[in-house]
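Trainee: Could you take me through how to read a ligand site and then the charged pairs in a model like the one we are about to open?

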Amino acid sequence: MARIVMKFGGTSMAGTERIRRVAQLVKRQAERGDEVAVVVSAMAGDTDRLVNFCREANALYDPAEYDVVVAAGEQITSGLLAITLQALGCNARSWLGWQMPIHTDDAHAKARIGSIDTDELLASMGTGCIAVIPGFQGLTDNNRVTTLGRGGSDTSAVAVAAAVKADRCDIYTDVDGVYTTDPRIVARARKLKAVTYEEMLELASVGSKVLQTRSVGLAMKEGVRVQVLSSFIDENAPDADSIPGTMIVTDEELENAQVERQLITGIAADKNEAKITLTRVPDRPGAVAHIFAPLADANINVDMIIQNVGRDKGETDVTFTCPQADLARCTDILENQRDAIGYNRLIPDTKVAKISVVGVGMKSHAGVASTMFSSLADRKINIQAISTSEIKVSVLIDEDETELAVRVLHTAYGLDADR
Ligand code: ADP
Ligand code: ASP
Ligand code: MG
(Lines give C-alpha, C1' and ligand atoms only; values in the text may rest on other atoms or scores of the structure.)
(Ligands and ions follow the chains in the order given, each with its own letter.)
Protein backbone atom coordinates (compact mmCIF):
# COMPACT_ATOMS: atom_id res chain seq x y z
CA MET A 1 0.00 0.00 0.00
CA ALA A 2 1.17 3.47 -0.82
CA ARG A 3 -0.10 6.89 0.10
CA ILE A 4 -0.60 9.01 -2.98
CA VAL A 5 -1.65 12.64 -3.46
CA MET A 6 -3.24 13.28 -6.86
CA LYS A 7 -3.72 16.86 -8.06
CA PHE A 8 -5.97 17.84 -10.98
CA GLY A 9 -5.74 21.26 -12.64
CA GLY A 10 -8.44 23.51 -14.05
CA THR A 11 -8.64 22.01 -17.54
CA SER A 12 -8.98 18.51 -16.07
CA MET A 13 -11.84 19.73 -13.84
CA ALA A 14 -13.68 21.80 -16.47
CA GLY A 15 -17.21 20.39 -16.40
CA THR A 16 -18.98 17.34 -15.05
CA GLU A 17 -17.88 15.10 -17.94
CA ARG A 18 -14.19 15.76 -17.23
CA ILE A 19 -14.73 15.43 -13.50
CA ARG A 20 -16.12 11.95 -14.20
CA ARG A 21 -12.88 11.02 -16.01
CA VAL A 22 -10.89 12.37 -13.07
CA ALA A 23 -13.03 10.32 -10.68
CA GLN A 24 -12.24 7.21 -12.73
CA LEU A 25 -8.48 7.87 -12.44
CA VAL A 26 -8.84 8.39 -8.70
CA LYS A 27 -10.90 5.23 -8.35
CA ARG A 28 -8.28 3.26 -10.28
CA GLN A 29 -5.55 4.47 -7.92
CA ALA A 30 -7.63 3.72 -4.82
CA GLU A 31 -8.45 0.22 -6.12
CA ARG A 32 -4.74 -0.59 -5.99
CA GLY A 33 -5.18 -0.45 -2.24
CA ASP A 34 -3.55 2.98 -1.89
CA GLU A 35 -4.62 5.70 0.51
CA VAL A 36 -5.55 8.60 -1.72
CA ALA A 37 -5.94 12.35 -1.18
CA VAL A 38 -7.01 14.40 -4.19
CA VAL A 39 -6.33 18.12 -4.53
CA VAL A 40 -8.42 19.96 -7.12
CA SER A 41 -8.36 23.30 -8.92
CA ALA A 42 -11.37 25.36 -9.92
CA MET A 43 -12.79 24.74 -13.39
CA ALA A 44 -10.61 26.38 -16.06
CA GLY A 45 -11.60 30.02 -16.49
CA ASP A 46 -13.59 30.24 -13.25
CA THR A 47 -10.83 31.83 -11.16
CA ASP A 48 -10.23 34.41 -13.92
CA ARG A 49 -13.93 35.21 -13.90
CA LEU A 50 -13.94 35.65 -10.11
CA VAL A 51 -10.79 37.82 -10.23
CA ASN A 52 -12.46 40.04 -12.83
CA PHE A 53 -15.52 40.49 -10.62
CA CYS A 54 -13.22 41.85 -7.89
CA ARG A 55 -11.46 44.19 -10.31
CA GLU A 56 -14.77 45.48 -11.64
CA ALA A 57 -16.01 46.07 -8.09
CA ASN A 58 -12.90 48.10 -7.23
CA ALA A 59 -9.48 48.12 -8.94
CA LEU A 60 -7.92 48.64 -5.49
CA TYR A 61 -9.84 45.80 -3.87
CA ASP A 62 -9.19 44.56 -0.35
CA PRO A 63 -7.08 41.38 -0.82
CA ALA A 64 -8.80 39.71 2.17
CA GLU A 65 -12.18 40.01 0.47
CA TYR A 66 -10.67 39.02 -2.90
CA ASP A 67 -9.66 35.76 -1.22
CA VAL A 68 -13.22 35.15 -0.06
CA VAL A 69 -14.37 35.50 -3.67
CA VAL A 70 -11.68 33.56 -5.53
CA ALA A 71 -11.50 30.64 -3.06
CA ALA A 72 -15.04 29.76 -4.14
CA GLY A 73 -14.02 28.10 -7.42
CA GLU A 74 -12.26 25.23 -5.67
CA GLN A 75 -15.12 24.74 -3.22
CA ILE A 76 -17.38 23.86 -6.14
CA THR A 77 -15.04 21.36 -7.81
CA SER A 78 -14.11 19.59 -4.57
CA GLY A 79 -17.77 18.98 -3.76
CA LEU A 80 -18.50 17.88 -7.31
CA LEU A 81 -15.61 15.42 -7.36
CA ALA A 82 -16.71 13.92 -4.01
CA ILE A 83 -20.25 13.51 -5.38
CA THR A 84 -18.93 11.91 -8.59
CA LEU A 85 -16.66 9.51 -6.68
CA GLN A 86 -19.60 8.48 -4.52
CA ALA A 87 -21.62 7.85 -7.68
CA LEU A 88 -18.87 5.45 -8.80
CA GLY A 89 -19.24 3.56 -5.53
CA CYS A 90 -16.21 5.10 -3.79
CA ASN A 91 -16.12 6.32 -0.22
CA ALA A 92 -15.13 10.00 -0.47
CA ARG A 93 -15.57 13.34 1.28
CA SER A 94 -14.38 16.91 0.81
CA TRP A 95 -12.13 18.79 3.26
CA LEU A 96 -12.25 22.55 2.71
CA GLY A 97 -9.15 24.63 3.48
CA TRP A 98 -10.72 26.02 6.67
CA GLN A 99 -11.97 22.60 7.78
CA MET A 100 -8.60 20.85 7.83
CA PRO A 101 -7.37 23.58 8.41
CA ILE A 102 -4.49 24.57 6.16
CA HIS A 103 -2.83 27.30 8.23
CA THR A 104 -1.28 30.20 6.31
CA ASP A 105 0.14 33.63 7.02
CA ASP A 106 -2.06 36.67 6.31
CA ALA A 107 -0.44 37.75 3.01
CA HIS A 108 -3.80 37.65 1.27
CA ALA A 109 -3.89 36.63 -2.40
CA LYS A 110 -0.42 35.09 -2.05
CA ALA A 111 -0.47 33.46 1.35
CA ARG A 112 2.18 30.99 2.48
CA ILE A 113 1.30 27.70 4.12
CA GLY A 114 2.68 27.30 7.65
CA SER A 115 1.27 23.93 8.70
CA ILE A 116 -1.58 21.53 8.02
CA ASP A 117 -3.56 19.66 10.67
CA THR A 118 -3.67 16.09 9.45
CA ASP A 119 -4.90 13.96 12.38
CA GLU A 120 -8.54 13.79 11.32
CA LEU A 121 -7.64 13.63 7.65
CA LEU A 122 -5.30 10.68 8.13
CA ALA A 123 -7.77 8.89 10.36
CA SER A 124 -10.41 9.25 7.65
CA MET A 125 -8.05 8.18 4.86
CA GLY A 126 -7.08 5.20 6.99
CA THR A 127 -10.70 3.98 6.87
CA GLY A 128 -10.49 3.93 3.06
CA CYS A 129 -12.24 7.27 2.55
CA ILE A 130 -10.80 9.27 -0.35
CA ALA A 131 -10.04 12.84 0.78
CA VAL A 132 -10.96 15.55 -1.73
CA ILE A 133 -9.21 18.81 -0.88
CA PRO A 134 -9.79 22.11 -2.69
CA GLY A 135 -6.43 23.51 -3.73
CA PHE A 136 -5.52 27.20 -3.41
CA GLN A 137 -7.28 27.69 -0.04
CA GLY A 138 -5.94 28.41 3.43
CA LEU A 139 -6.87 30.02 6.75
CA THR A 140 -5.11 32.68 8.84
CA ASP A 141 -4.71 32.54 12.61
CA ASN A 142 -7.62 35.02 12.71
CA ASN A 143 -9.84 32.59 10.81
CA ARG A 144 -9.81 34.61 7.59
CA VAL A 145 -9.85 32.70 4.30
CA THR A 146 -6.69 33.03 2.21
CA THR A 147 -5.56 31.91 -1.23
CA LEU A 148 -2.08 30.91 -2.26
CA GLY A 149 -1.51 32.94 -5.44
CA ARG A 150 -2.42 31.95 -9.00
CA GLY A 151 -1.62 28.34 -9.77
CA GLY A 152 -1.53 27.70 -6.01
CA SER A 153 -3.25 24.33 -6.09
CA ASP A 154 0.08 22.78 -7.04
CA THR A 155 1.46 24.12 -3.76
CA SER A 156 -1.56 22.83 -1.83
CA ALA A 157 -0.93 19.37 -3.30
CA VAL A 158 2.76 19.33 -2.41
CA ALA A 159 2.05 20.71 1.07
CA VAL A 160 -0.57 18.03 1.69
CA ALA A 161 1.83 15.38 0.35
CA ALA A 162 4.54 16.59 2.74
CA ALA A 163 2.13 16.76 5.69
CA VAL A 164 0.74 13.23 5.19
CA LYS A 165 4.18 11.88 4.18
CA ALA A 166 2.89 10.68 0.83
CA ASP A 167 4.96 8.30 -1.26
CA ARG A 168 4.34 10.46 -4.32
CA CYS A 169 2.53 13.61 -5.42
CA ASP A 170 1.15 13.23 -8.94
CA ILE A 171 0.31 16.52 -10.64
CA TYR A 172 -2.17 15.69 -13.41
CA THR A 173 -2.53 18.39 -16.04
CA ASP A 174 -3.34 18.90 -19.73
CA VAL A 175 0.16 17.98 -21.02
CA ASP A 176 1.94 14.69 -20.37
CA GLY A 177 5.00 16.10 -18.62
CA VAL A 178 7.51 18.92 -18.42
CA TYR A 179 8.89 19.89 -21.82
CA THR A 180 11.94 21.86 -22.95
CA THR A 181 9.48 24.72 -23.48
CA ASP A 182 5.72 25.20 -23.57
CA PRO A 183 4.63 22.55 -26.12
CA ARG A 184 1.75 24.83 -27.09
CA ILE A 185 4.24 27.38 -28.38
CA VAL A 186 6.86 25.08 -29.88
CA ALA A 187 5.52 21.91 -31.50
CA ARG A 188 9.05 20.46 -31.52
CA ALA A 189 9.52 20.85 -27.76
CA ARG A 190 10.86 17.66 -26.15
CA LYS A 191 9.39 15.94 -23.13
CA LEU A 192 11.87 15.51 -20.27
CA LYS A 193 11.93 12.17 -18.41
CA ALA A 194 13.27 13.95 -15.37
CA VAL A 195 14.20 17.47 -14.34
CA THR A 196 16.02 18.54 -11.18
CA TYR A 197 14.30 20.50 -8.41
CA GLU A 198 16.72 23.38 -8.92
CA GLU A 199 16.03 23.65 -12.64
CA MET A 200 12.29 23.22 -12.23
CA LEU A 201 12.30 25.89 -9.55
CA GLU A 202 14.01 28.32 -11.86
CA LEU A 203 11.82 27.38 -14.86
CA ALA A 204 8.68 27.87 -12.78
CA SER A 205 9.87 31.16 -11.34
CA VAL A 206 10.41 32.60 -14.81
CA GLY A 207 7.00 31.60 -16.12
CA SER A 208 6.72 27.87 -16.95
CA LYS A 209 3.32 27.70 -15.37
CA VAL A 210 3.16 23.89 -15.51
CA LEU A 211 4.07 24.03 -11.77
CA GLN A 212 3.68 26.95 -9.39
CA THR A 213 7.10 28.11 -8.17
CA ARG A 214 6.32 27.67 -4.50
CA SER A 215 5.23 24.09 -5.05
CA VAL A 216 8.66 23.24 -6.40
CA GLY A 217 10.48 25.06 -3.60
CA LEU A 218 8.40 23.23 -1.04
CA ALA A 219 8.89 19.84 -2.73
CA MET A 220 12.64 20.45 -2.77
CA LYS A 221 12.70 21.45 0.91
CA GLU A 222 10.48 18.59 2.07
CA GLY A 223 11.82 15.96 -0.31
CA VAL A 224 8.41 15.31 -1.86
CA ARG A 225 8.51 13.07 -4.93
CA VAL A 226 6.60 14.93 -7.63
CA GLN A 227 5.48 13.61 -11.01
CA VAL A 228 3.85 15.76 -13.74
CA LEU A 229 1.56 13.72 -16.00
CA SER A 230 -1.54 13.95 -18.16
CA SER A 231 -5.12 13.43 -17.01
CA PHE A 232 -6.24 13.16 -20.63
CA ILE A 233 -5.63 9.43 -20.99
CA ASP A 234 -7.79 6.38 -21.61
CA GLU A 235 -8.17 3.28 -19.45
CA ASN A 236 -5.46 1.44 -21.39
CA ALA A 237 -2.77 4.05 -20.78
CA PRO A 238 0.09 3.05 -18.43
CA ASP A 239 -0.79 3.83 -14.83
CA ALA A 240 0.85 6.55 -12.80
CA ASP A 241 2.97 4.09 -10.78
CA SER A 242 4.92 3.23 -13.94
CA ILE A 243 5.97 6.92 -14.13
CA PRO A 244 4.72 7.86 -17.60
CA GLY A 245 5.24 11.58 -16.90
CA THR A 246 8.18 13.73 -15.79
CA MET A 247 9.72 13.17 -12.36
CA ILE A 248 11.25 16.05 -10.45
CA VAL A 249 14.48 14.62 -9.05
CA THR A 250 17.64 15.50 -7.16
CA ASP A 251 20.91 16.14 -8.98
CA GLU A 252 22.12 12.76 -7.76
CA GLU A 253 19.10 10.88 -9.06
CA LEU A 254 19.50 12.52 -12.45
CA GLU A 255 23.11 11.47 -12.62
CA ASN A 256 22.26 7.93 -11.57
CA ALA A 257 19.57 7.78 -14.25
CA GLN A 258 22.31 8.68 -16.71
CA VAL A 259 20.08 11.12 -18.52
CA GLU A 260 22.20 13.05 -20.96
CA ARG A 261 22.54 16.58 -19.66
CA GLN A 262 21.99 19.47 -22.01
CA LEU A 263 23.55 22.88 -21.52
CA ILE A 264 20.06 24.38 -21.50
CA THR A 265 17.18 22.49 -19.87
CA GLY A 266 14.35 24.72 -20.92
CA ILE A 267 13.00 28.04 -22.10
CA ALA A 268 10.13 29.91 -20.49
CA ALA A 269 8.00 32.90 -21.43
CA ASP A 270 6.05 35.09 -19.05
CA LYS A 271 3.50 37.58 -20.34
CA ASN A 272 2.23 38.49 -16.89
CA GLU A 273 4.89 41.05 -16.07
CA ALA A 274 4.44 44.80 -16.39
CA LYS A 275 7.21 47.33 -16.96
CA ILE A 276 7.26 50.67 -15.14
CA THR A 277 9.61 53.51 -15.98
CA LEU A 278 10.07 56.51 -13.72
CA THR A 279 11.75 59.37 -15.59
CA ARG A 280 14.10 61.99 -14.22
CA VAL A 281 14.60 60.49 -10.78
CA PRO A 282 17.17 62.53 -8.79
CA ASP A 283 20.54 60.75 -9.05
CA ARG A 284 21.39 60.79 -5.33
CA PRO A 285 21.79 58.28 -2.51
CA GLY A 286 18.46 57.04 -1.19
CA ALA A 287 16.38 57.84 -4.29
CA VAL A 288 16.07 54.20 -5.31
CA ALA A 289 15.26 53.14 -1.74
CA HIS A 290 12.35 55.62 -1.79
CA ILE A 291 10.93 53.78 -4.78
CA PHE A 292 11.34 50.19 -3.69
CA ALA A 293 10.85 50.31 0.09
CA PRO A 294 7.11 51.13 -0.08
CA LEU A 295 6.62 48.48 -2.78
CA ALA A 296 8.29 45.88 -0.57
CA ASP A 297 6.10 46.98 2.35
CA ALA A 298 3.07 46.35 0.14
CA ASN A 299 4.34 42.83 -0.67
CA ILE A 300 4.88 43.66 -4.35
CA ASN A 301 7.60 41.54 -5.94
CA VAL A 302 9.85 43.63 -8.13
CA ASP A 303 11.95 41.72 -10.64
CA MET A 304 14.19 43.24 -13.30
CA ILE A 305 15.59 46.64 -12.33
CA ILE A 306 17.52 49.02 -14.56
CA GLN A 307 18.88 52.36 -13.53
CA ASN A 308 20.27 54.26 -16.45
CA VAL A 309 23.46 56.17 -15.70
CA GLY A 310 22.47 59.80 -15.21
CA ARG A 311 23.50 61.66 -18.31
CA ASP A 312 23.16 65.18 -17.10
CA LYS A 313 21.62 67.39 -14.44
CA GLY A 314 21.96 64.64 -11.83
CA GLU A 315 18.87 62.82 -13.04
CA THR A 316 18.31 59.23 -14.05
CA ASP A 317 15.54 56.96 -15.40
CA VAL A 318 14.61 53.90 -13.36
CA THR A 319 12.84 50.95 -15.03
CA PHE A 320 11.61 47.79 -13.33
CA THR A 321 9.09 45.01 -13.71
CA CYS A 322 6.39 43.71 -11.37
CA PRO A 323 3.49 41.27 -11.81
CA GLN A 324 0.69 42.77 -13.91
CA ALA A 325 -1.73 41.81 -11.16
CA ASP A 326 0.07 44.28 -8.85
CA LEU A 327 0.34 47.11 -11.40
CA ALA A 328 -2.66 49.13 -10.17
CA ARG A 329 -1.43 49.02 -6.56
CA CYS A 330 2.13 49.70 -7.65
CA THR A 331 1.26 52.85 -9.62
CA ASP A 332 -1.03 54.02 -6.83
CA ILE A 333 1.80 53.72 -4.28
CA LEU A 334 4.32 55.44 -6.54
CA GLU A 335 1.93 58.29 -7.32
CA ASN A 336 1.45 58.84 -3.59
CA GLN A 337 5.25 58.86 -3.18
CA ARG A 338 5.83 61.21 -6.08
CA ASP A 339 7.09 64.12 -3.97
CA ALA A 340 9.29 61.93 -1.80
CA ILE A 341 10.88 60.27 -4.84
CA GLY A 342 10.90 63.37 -7.04
CA TYR A 343 10.38 61.70 -10.44
CA ASN A 344 8.88 63.43 -13.48
CA ARG A 345 6.72 60.84 -15.28
CA LEU A 346 5.50 57.32 -14.50
CA ILE A 347 5.17 55.22 -17.67
CA PRO A 348 3.50 51.79 -17.28
CA ASP A 349 3.74 49.21 -20.08
CA THR A 350 1.95 45.86 -20.03
CA LYS A 351 2.88 44.91 -23.60
CA VAL A 352 6.07 43.15 -22.52
CA ALA A 353 7.17 39.55 -22.10
CA LYS A 354 10.04 38.03 -20.19
CA ILE A 355 11.87 35.23 -22.00
CA SER A 356 14.28 33.08 -19.99
CA VAL A 357 16.69 30.26 -20.71
CA VAL A 358 17.47 27.93 -17.80
CA GLY A 359 20.09 25.25 -17.32
CA VAL A 360 22.49 24.05 -14.65
CA GLY A 361 25.06 23.56 -17.43
CA MET A 362 25.36 27.34 -17.57
CA LYS A 363 27.38 27.32 -14.36
CA SER A 364 30.34 25.89 -16.20
CA HIS A 365 29.84 27.22 -19.73
CA ALA A 366 30.35 30.73 -21.01
CA GLY A 367 28.48 32.09 -24.01
CA VAL A 368 24.88 31.22 -23.12
CA ALA A 369 23.89 34.87 -22.81
CA SER A 370 25.68 35.94 -25.96
CA THR A 371 23.96 33.17 -27.98
CA MET A 372 20.68 34.49 -26.66
CA PHE A 373 21.41 38.11 -27.55
CA SER A 374 22.74 37.37 -31.03
CA SER A 375 19.89 34.95 -31.90
CA LEU A 376 17.33 37.59 -30.93
CA ALA A 377 19.26 40.31 -32.74
CA ASP A 378 19.29 38.22 -35.94
CA ARG A 379 15.47 38.34 -35.83
CA LYS A 380 15.47 42.05 -35.01
CA ILE A 381 13.97 41.43 -31.58
CA ASN A 382 14.81 44.32 -29.30
CA ILE A 383 15.88 43.66 -25.70
CA GLN A 384 14.49 46.13 -23.16
CA ALA A 385 15.99 44.71 -19.96
CA ILE A 386 18.23 41.82 -18.89
CA SER A 387 18.65 39.88 -15.66
CA THR A 388 20.72 36.83 -14.83
CA SER A 389 21.24 34.28 -12.11
CA GLU A 390 23.70 31.40 -11.86
CA ILE A 391 21.52 29.11 -13.97
CA LYS A 392 19.30 31.55 -15.90
CA VAL A 393 19.35 34.47 -18.33
CA SER A 394 16.17 36.54 -18.82
CA VAL A 395 15.36 39.30 -21.27
CA LEU A 396 12.36 41.59 -21.54
CA ILE A 397 10.95 42.05 -25.05
CA ASP A 398 7.81 43.27 -26.83
CA GLU A 399 4.95 40.92 -26.03
CA ASP A 400 4.07 40.48 -29.72
CA GLU A 401 7.44 38.80 -30.30
CA THR A 402 7.07 36.17 -27.55
CA GLU A 403 6.34 33.12 -29.70
CA LEU A 404 8.98 34.03 -32.28
CA ALA A 405 11.63 34.55 -29.59
CA VAL A 406 10.89 31.24 -27.86
CA ARG A 407 11.06 29.33 -31.17
CA VAL A 408 14.27 31.02 -32.25
CA LEU A 409 15.97 30.27 -28.93
CA HIS A 410 14.70 26.69 -28.81
CA THR A 411 16.40 26.08 -32.12
CA ALA A 412 19.51 28.10 -31.26
CA TYR A 413 20.23 25.96 -28.18
CA GLY A 414 19.68 22.71 -30.11
CA LEU A 415 16.56 21.70 -28.20
CA ASP A 416 14.25 20.93 -31.16
CA ALA A 417 13.08 17.30 -31.29
CA ASP A 418 13.93 15.34 -34.43
CA ARG A 419 10.94 14.74 -36.62
P1 ADP B 1 -3.32 23.16 -14.66
O2 ADP B 1 -4.63 23.83 -14.95
O3 ADP B 1 -3.40 21.67 -14.79
O4 ADP B 1 -2.71 23.61 -13.37
P5 ADP B 1 -1.59 24.90 -16.14
O6 ADP B 1 -2.28 25.59 -17.28
O7 ADP B 1 -1.37 25.69 -14.90
O8 ADP B 1 -2.37 23.56 -15.84
O9 ADP B 1 -0.17 24.31 -16.60
C10 ADP B 1 -0.11 23.45 -17.72
C11 ADP B 1 0.31 24.25 -18.94
O12 ADP B 1 1.64 24.71 -18.73
C13 ADP B 1 0.38 23.48 -20.22
O14 ADP B 1 -0.86 23.43 -20.87
C15 ADP B 1 1.42 24.23 -21.04
O16 ADP B 1 0.82 25.08 -21.99
C17 ADP B 1 2.12 25.11 -20.00
N18 ADP B 1 3.58 24.98 -19.99
C19 ADP B 1 4.43 26.05 -19.94
N20 ADP B 1 5.69 25.64 -19.98
C21 ADP B 1 5.67 24.29 -20.03
C22 ADP B 1 6.70 23.28 -20.09
N23 ADP B 1 7.99 23.61 -20.07
N24 ADP B 1 6.31 21.99 -20.13
C25 ADP B 1 5.00 21.65 -20.12
N26 ADP B 1 3.99 22.56 -20.09
C27 ADP B 1 4.31 23.86 -20.04
N1 ASP C 1 -7.73 28.12 -9.42
C2 ASP C 1 -6.50 28.80 -9.07
C3 ASP C 1 -5.95 29.54 -10.27
O4 ASP C 1 -6.54 29.50 -11.34
C5 ASP C 1 -5.48 27.89 -8.48
C6 ASP C 1 -5.00 26.78 -9.40
O7 ASP C 1 -5.67 26.43 -10.38
O8 ASP C 1 -3.93 26.25 -9.15
O9 ASP C 1 -4.97 30.21 -10.16
MG1 MG D 1 -1.51 25.26 -12.86
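Trainee: How many residues of the shell around ligand 2 are nonpolar, polar and charged?

Mentor: Begin with the kind of side chain, and keep in mind that this is a predicted model. The shell around ligand 2 holds 5 polar residues, 2 nonpolar and 2 charged. Its members are Ser-41, Ala-42, Thr-47, Glu-74, Phe-136, Arg-150, Gly-151, Gly-152 and Ser-153; Ala-42 and Phe-136 fall in the nonpolar class, whereas Glu-74 and Arg-150 fall in the charged one.

Trainee: Which atoms of the protein lie 2.8 Å and 2.6 Å from a nitrogen atom of ligand 2?

Mentor: Once the shell is listed, look for pairs of polar atoms. A polar atom in the side chain of Thr-47 lies 2.8 Å from a nitrogen atom of ligand 2, and an N or O atom in the side chain of Glu-74 is 2.6 Å from a nitrogen atom of the ligand. With Ser-153 the backbone takes part, one of its N or O atoms lying 3.0 Å from an oxygen atom of ligand 2. Of the 260 Å² of accessible area that ligand 2 has on its own, the protein covers 87%.

Trainee: Turning to the charged pairs, how many salt bridges does the count come to?

Mentor: The count comes to 23 salt bridges, and a useful habit is to ask of each pair where the partners sit. Glu-403 and Lys-271 form one of them, with their closest N and O atoms 3.1 Å apart. This pair links distant parts of the chain, 132 residues apart, since Glu-403 belongs to helix H14 and Lys-271 to the loop between strand S13 and strand S14.

Trainee: Why does Lys-354 count as buried, while Asp-303 is partly exposed?

Mentor: The class follows from the relative accessible area, and buried means under 20%. Lys-354 counts as buried because its relative accessibility is 4%, whereas Asp-303, at 30%, is partly exposed. These two residues form a salt bridge whose closest N and O atoms are 2.6 Å apart. Asp-303 lies in the loop between helix H10 and strand S15, and Lys-354 in strand S18, 51 residues apart.

Trainee: Which residues are linked in a network of salt bridges?

Mentor: Here one should follow the links from residue to residue. Such a network links Arg-32, Arg-168, Asp-170, Asp-239 and Asp-241.

Trainee: And how far apart are the closest N and O atoms of Glu-31 and Lys-27?

Mentor: In that salt bridge the distance is 3.7 Å. Glu-31 is exposed, because its relative accessibility is 58%, and Lys-27, at 24%, is partly exposed.

Conventions:
Residues numbered from 1 in each chain as written. Chains lettered and ligands numbered in written order. Predicted model: local features only at pLDDT ≥ 70, side-chain atom pairs only at ≥ 80, totals over all residues. Heavy atoms only, no water. Salt bridge = Lys/Arg side-chain N within 4 Å of Asp/Glu carboxyl O. Buried < 20%, exposed > 50% of the residue type's maximum accessible area, 1.4 Å probe, protein only. Helix = DSSP H or I, 4+ residues; strand = E, 2+ residues; numbered from the N terminus. Near = heavy atom within 4 Å. Polar contact = N/O pair within 3.5 Å; in protein donor to acceptor, adjacent residues only side chain to side chain. Areas by Shrake-Rupley, 256 points an atom, 1.4 Å probe, with all protein chains shown as cover.
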